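Take a moment with the sequence and the model. Then follow the chain from one element to the next.

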Amino acid sequence: MERIAAVVVTYNRKELLLQCVQHLLDQQKAECDVLVVDNASTDGTAQAVEQISSPRLFYRNTGENLGGAGGFHFGMRWAVEEGYDYVWIMDDDSLPQPQALAALWAAHEQLNGEYGWLSSRCLWTDGALCPMNVQRVTPYKDLTEPVQNLAPVQMASFVSLFLRADVIKMMGLPLRQFFIWTDDWEYTRRISRKMPCYAVWKSTVVHAMKSKTIVNIATDVPERMLRYRYFYRNDVYLYRREGLKGWLWLLAKDTWHSVQVLKKSSDKLGKLKIIWGGFFKGIRFAPQIEFCESRKKK
């Protein structure tokens, strides 16, 4: 029998994780095991997961905070090595609706397995599309409504991404060196350059993040600035693969962000250093793609 593993990466968001896990265990018309990857949480996450009595729930602690990218790298390797046939990945604040997995499986059957990945429609808690998780039909253009149930796309977030284990074996794992941000765009684009990929509009997930506002270095709080160093570096790695058009996109985007910083920020010099420091680090950034294989027989 073919087996599906839902991989959930968590870090110090115990209450949201518990909701996510319950939504996964309660899926209708389809069933999956749940693999929780804990990035060394300190809020009692391990103890909370232990209280859930289910033979389909498994937990591993990474021993250190690997970031989202490292966590998905860890979890997807775990799933493949354990011999699962399909992997369904998401953040700990994702709430897959009752038939989210069944809709993904129906799309899988409709396509006869001939796809790179499938991505769910992602809503915020107010019922509107979550801007951070809208798929892209090209590396530069978002998918817009209305769409058919299956919409060809090229990039998607890790909030409900479904793929065959064979694709992971062939294309490798997410780049753990990204640590945070752009790891999902890079990974999904890596695959869509080789295989057709789709948004599945009948599969719905609610992303229970605090705010649906797209991140903005010009207006974000100082304690989040370190994350942007990864964002600008990782974006260069992603878009430089697109050739001249990618480089022009990068220059236009980073220039526009710089203009916003000059207009709206107090720490102008510090933020400009983050933007352009990340840009130039990205030119030399050369992470290695890692691969994995099943260790267990089906």
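Helices and strands here are DSSP runs, numbered from the N terminus; a helix has at least four residues and a strand at least two. One caution comes with the picture: this is a predicted model.

Start with helix H1, residues 14–25. H1 has twelve residues. From its first C-alpha to its last it reaches 16 Å, close to the 16 Å expected at 1.5 Å a residue. Which residues of H1 are buried? They are Leu17, Cys20, Val21, Leu24 and Leu25. Look down the axis of H1: these buried residues fall within an arc of 130°, so they line one face of the helix. A general rule helps here. An α-helix has 3.6 residues a turn, so residues three or four places apart point the same way. What covers the buried residues of H1? The cover includes strands S1 (4–10), S2 (33–38), S3 (57–61), S4 (86–91) and S5 (94–96), along with helix H2 (45–50).

Now step into the loops. Most residues other than glycine have a negative phi. Two residues here have a positive one. Lys29 sits in the loop between H1 and S2. Its phi is about 65°, although Lys29 is not a glycine. Lys29 counts as exposed because its relative accessibility is 73%, and the cut-off for exposed is over 50%. Ala40 comes in the loop between S2 and H2. Its phi is near 60°, again a positive value in a residue other than glycine. Is Ala40 buried, exposed or partly exposed? At 21% relative accessibility, Ala40 counts as partly exposed.

Move on to strand S10, residues 161–164, where Arg164 has its place. Arg164 counts as buried, with 19% relative accessibility. Buried means under 20%. Which residues does Arg164 contact, leaving aside neighbours within four places in sequence? They are Asp85, Tyr86, Gly113 and Tyr115. Leu118 is 46 residues from Arg164 along the chain. In space, their C-alpha atoms are separated by 9.6 Å.

Next comes helix H6, residues 183–192. This helix is mostly covered: ten of its ten residues are buried. Among them are charged names such as Asp183, Asp184, Glu186, Arg189 and Arg190. Trp185, Tyr187 and Ile191 are also on the buried list.

Ile217 lies further along, in the loop between strand S11 (197–207) and helix H7. At 2% relative accessibility, Ile217 counts as buried. His257 is 40 residues away in sequence, but the two C-alpha atoms are 7.6 Å apart in space. Beyond its neighbours within four places in sequence, Ile217 is in contact with Met225, Tyr228, Tyr232, Val261, Ser265, Lys271, Ile274 and Ile275.

Several of those names return where two helices meet. Two packed helices are described by the angle between their axes and the distance between the axes. Helix H7 spans residues 225–240, and helix H9 spans residues 268–284. Their axes come within 7 Å and cross at roughly 40°. The crossing is right-handed. From H7, the meeting residues include Met225, Tyr228 and Tyr232. From H9, they include Lys271, Ile274 and Ile275. Ile217 contacts these six residues too. What classes of residue make up the contact of H7 with H9? There are nine nonpolar, two polar and six charged residues.

Definitions and conventions. Residues are numbered from 1 along each chain as its sequence is written. This is a predicted model: local features need pLDDT of at least 70, side-chain atom pairs count only at pLDDT 80 or more; totals for chains, interfaces and linings use all residues. Side-chain values use heavy atoms; hydrogens and water are left out. Axes are lines fitted to C-alpha atoms, for helices over the stretch in contact, and angles run from 0 to 180 degrees between N-to-C directions. A crossing is left-handed if the near helix is turned anticlockwise from the far one by less than a right angle, and right-handed if clockwise. Contact means heavy atoms within 4.5 Å. The expected span of a helix is 1.5 Å times one less than its number of residues. Buried means under 20% relative accessible area, exposed over 50%, partly exposed in between (1.4 Å probe, protein chains only). The arc is that of the directions from the helix axis to the C-beta atoms.
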